[in-house]
Amino acid sequence: MARRSPYSSLPIQRRRSRWPIIATICVALAALGLVTRMMSSRTQAVAEEDELLSSLAKAATVLQEGKKEEATPPEKIATKDTAASASAKTIPLEKKAAVTQPSMPEAMAADKVRVEFEKAATVLRKYFQSPSDAALTALLRHPDQSMPRHRLWSQKNRIVPAVPLRIGPQFGTAGSLLVTPVKLVDGSSRLAALEKTEAGYRLDWESFSAWGESRFADLPQLSAEKPALLRVTVRPSTATAPVEGALSFTLTHPDERSTLAAYALPQSLSVSPAARQLRDAGSGMFTLLLTMTSEDVKNGWANIHSVVSTGWVTEMAEKE
């Protein structure tokens, strides 16, 4: 006779299913992944805005330095350089007594800067609300140059802001320029540069709209006679340039769906501070003069003829 188990009289308990627990874990992991992607997306968006702000701030600094160089005659510059080099060779460096400058309290200085930002933001609000050309003319930095372009460019490349309008809150200043991002309806940000004048802040419309003389597709025809000016974002490329020794880049534009391959000869990237900045940094926002010969068209490359400026703010006389 078989022995009976002492536990045989106990009620049998059903094993609980593990599927609810597994499902809960899966949901938790999915939620964690979503949060991670959201944080990554937010971090990337902030990084992009910081990159844009930094780029136009550099452009503003270059612009101010350019004005100083234009205001100083070449012979005086040469004299100063010669005198400086001579004194550096013959006179030892001496420590100068620190000059005490009257300082503004930090809170007061911050309030003053914030007031300047609000003035610039008011001009941007008026820009999006202006119903007539006359109203727009009073808000632009170069109205005689910008208004004809605005009428043509805005029909195809209209800048649509987010609703409600979001300006800033980040901003930077360099000389007479104030730079701040504007949120667009598609979720991207566009930087606006405004110059402080005696009449108030005025919007640099060309840099804000990324205005250029050509679209990527029209570049072969428009650059046949002379280089075409474009405002683009430049990235280094691993593709082999069609010309030996040339550097290769990828160009993007906020209104273009495709990218443009471009190359630059070493000599064209050493003739100006802006050109050397592109050569050394390899990326950023730049205003370029581009050409495309028949051979370039066959290869599918544009040639960076010269670098007008770092960033999209420029004082160059741009003629139609």
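Which residue of β4 does T197 stand opposite? In this predicted model, T197 stands opposite G200 of β4. The legends below begin with that pair of strands.

**View 1. The hairpin of β3 and β4.** Two residues separate β3 from β4, and the two strands form a hairpin. Their pairing is antiparallel and extends over four bridges. One of the facing pairs is T197 and G200, the latter in β4.

**View 2. The open sheet β1-β2-β3-β4.** Four strands make up an open sheet in the order β1-β2-β3-β4, and the pairing is antiparallel. β1 (172–174) and β4 are the edge strands, each paired on one side only. With direction ignored, neighbouring strands of this sheet are turned against each other by 35° on average. Within the sheet, β2 and β3 are joined by seven bridges in the antiparallel sense. P181 has L191 in β3 as its bridge partner.

**View 3. The largest nonpolar core.** This core holds 25 residues, of which L124, Y127, A192, L194, L203 and F208 touch the most other members. At least two residues each come from α3 (106–129), α5 (143–156), β2 (177–183), β3 (189–197), β4 (200–203) and α6 (205–209). The greatest share is that of α3, which supplies six residues. Nonpolar side chains in soluble globular proteins tend to be buried together.

**View 4. Surroundings of A192.** With neighbours within four places in sequence left aside, A192 is in contact with L124, L178, V179, T180, V182, L203 and F208. Among these contacts, L124, L203 and F208 are also named with A192 as core residues that touch the most other members. A second core lies apart from the largest one; this other core has 22 residues, including A228, A274, F286 and V307.

**View 5. The closed barrel of β5 to β9.** Five strands close into a barrel that runs β5-β6-β7-β9-β8, with mixed pairing. From one strand to the next, the twist averages 55°. β5 and β8 are antiparallel and share seven bridges, and A228 has L290 in β8 as its bridge partner. β5 is also joined to β6, by four bridges and again in the antiparallel sense.

**View 6. T250 and the strands around β6.** What are the bridge partner of R235 in β6 and the residue of β7 that stands opposite T250? The bridge partner of R235 is T250 in β6. T250 in turn stands opposite A261 of β7. β6 and β7 (residues 260–264) run antiparallel and are joined by five bridges.

**View 7. T233 in strand β5.** Is T233 of β5 buried or exposed? T233 lies in β5 and has a relative accessible area of 15%, so the residue counts as buried, the cut-off being under 20%. Beyond its neighbours within four places in sequence, T233 is in contact with T250, L251, T252, G284, M285 and W312. The strand as a whole is mostly covered, with seven of the nine residues of β5 buried.

**View 8. The two sides of helix α8.** Which residues of α8 (273–281) are buried? They are A274, A275 and L278. These residues lie on the same side of α8 because they cover an arc of only 105° around the axis. An α-helix has 3.6 residues a turn, so residues three or four places apart point the same way. P273 and D280 are exposed on the other side of α8. Just after the helix, G282 adopts a positive phi of about 80°.

**View 9. Helix α8 against the barrel strands.** α8 lies across β5, β6, β8 and β9, and runs at about 115° to β9. Its buried residues pack against β5 (228–236), β6 (247–252), β8 (284–291) and β9 (302–310). A274, one of the buried residues of α8, is among the members of the 22-residue core.

**View 10. The whole chain, for orientation.** Nine helices and nine strands make up the secondary structure of the chain. The chain has 320 residues, of which 35% are buried. Of the contacts with a separation of 6 or more, 58% link residues 24 or more positions apart. About 20800 Å² of the chain is exposed, and carbon and sulfur atoms supply 57% of that area.

Methods
Residues numbered from 1 in each chain as written. Predicted model: local features only at pLDDT ≥ 70, side-chain atom pairs only at ≥ 80, totals over all residues. Heavy atoms only, no water. Buried < 20%, exposed > 50% of the residue type's maximum accessible area, 1.4 Å probe, protein only. Arc of directions from axis to C-beta. Contact = heavy atoms within 4.5 Å. Core = buried A, V, L, I, M, F, W, Y, C linked by side-chain atoms within 4.5 Å. Pairing = 2+ DSSP bridges. Axes fitted to C-alpha atoms, helices over the stretch in contact; angles between N-to-C directions. Areas by Shrake-Rupley, 256 points an atom, 1.4 Å probe, with all protein chains shown as cover.
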